[in-house]
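Student: Hey, could you walk me through this structure with me?

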Amino acid sequence: MRVIATKETCAVSSLCVYQAPEVFDQDEEGQVEVLDPEPPAELHEDVRIAARGCPTRSIRVE
């Protein structure tokens, strides 16, 4: 799994951080940051849920 996030479209909802705090964080302006672009298998489901829950679809999973 590879996780990609687009800061420019981030709505600063923080849902991704709550769902997968090991993978996502926010910068000083609240924009999404990917802490672990290749998370371990045990986090894949949380990452998928975070991506589906992103209101602006700023998180992409490959």
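Tutor: Sure, we'll take the cysteines, a helix, a cavity and some backbone angles in turn. This is a predicted model, so local features need pLDDT of at least 70 and side-chain atom pairs count only at pLDDT 80 or more, while totals for chains, interfaces and linings use all residues. Residues are numbered from 1 along each chain as its sequence is written, and side-chain values use heavy atoms, with hydrogens and water left out.

Student: How many disulfides are there?

Tutor: The count is 0 disulfides, taking a disulfide as a pair of cysteine sulfur atoms within 2.5 Å.

Student: Why no bond for cysteine 10?

Tutor: Its closest cysteine sulfur is in cysteine 16, and at 6.3 Å that is too far for a bond.

Student: And which cysteine sulfur is closest to that of cysteine 54?

Tutor: That one is in cysteine 10, 6.6 Å away, so again too far for a bond.

Student: Is cysteine 54 buried or exposed?

Tutor: Buried, with a relative accessible area of 10%. Cysteine 10 is buried too, at 18%. Here buried means under 20% relative accessible area, exposed over 50%, and partly exposed in between, with a 1.4 Å probe and protein chains only.

Student: Switching topic: which residues of helix H2 are buried?

Tutor: In H2 (residues 44–53) they are His44, Val47, Ala50 and Ala51. Down the axis of H2, these fall within an arc of 125 degrees, so they line one face of the helix; the arc is that of the directions from the helix axis to the C-beta atoms. Helices (H or I, at least four residues) and strands (E, at least two) are DSSP runs, numbered from the N terminus.

Student: What do those buried residues pack against?

Tutor: Strand S1 (3–5), helix H1 (15–19), strand S2 (24–26) and strand S4 (59–61), with contact meaning heavy atoms within 4.5 Å.

Student: What about the lining of the largest cavity, how does it divide?

Tutor: Into 11 nonpolar, 5 polar and no charged residues. Ala, Val, Leu, Ile, Met, Phe, Trp, Tyr, Cys and Pro count as nonpolar, Asp, Glu, Lys and Arg as charged, and the others, Gly among them, as polar. H1 gives the most to that lining, with 3 residues. A cavity is a set of points on a 1 Å grid over the protein atoms alone where a 1.4 Å probe fits but cannot get out, and lining residues have an atom within 4 Å of a point.

Student: Where is valine 12 found?

Tutor: In the loop between S1 and H1. Valine 12 has a positive phi of about 60 degrees, though it is not a glycine. Most residues other than glycine have a negative phi.
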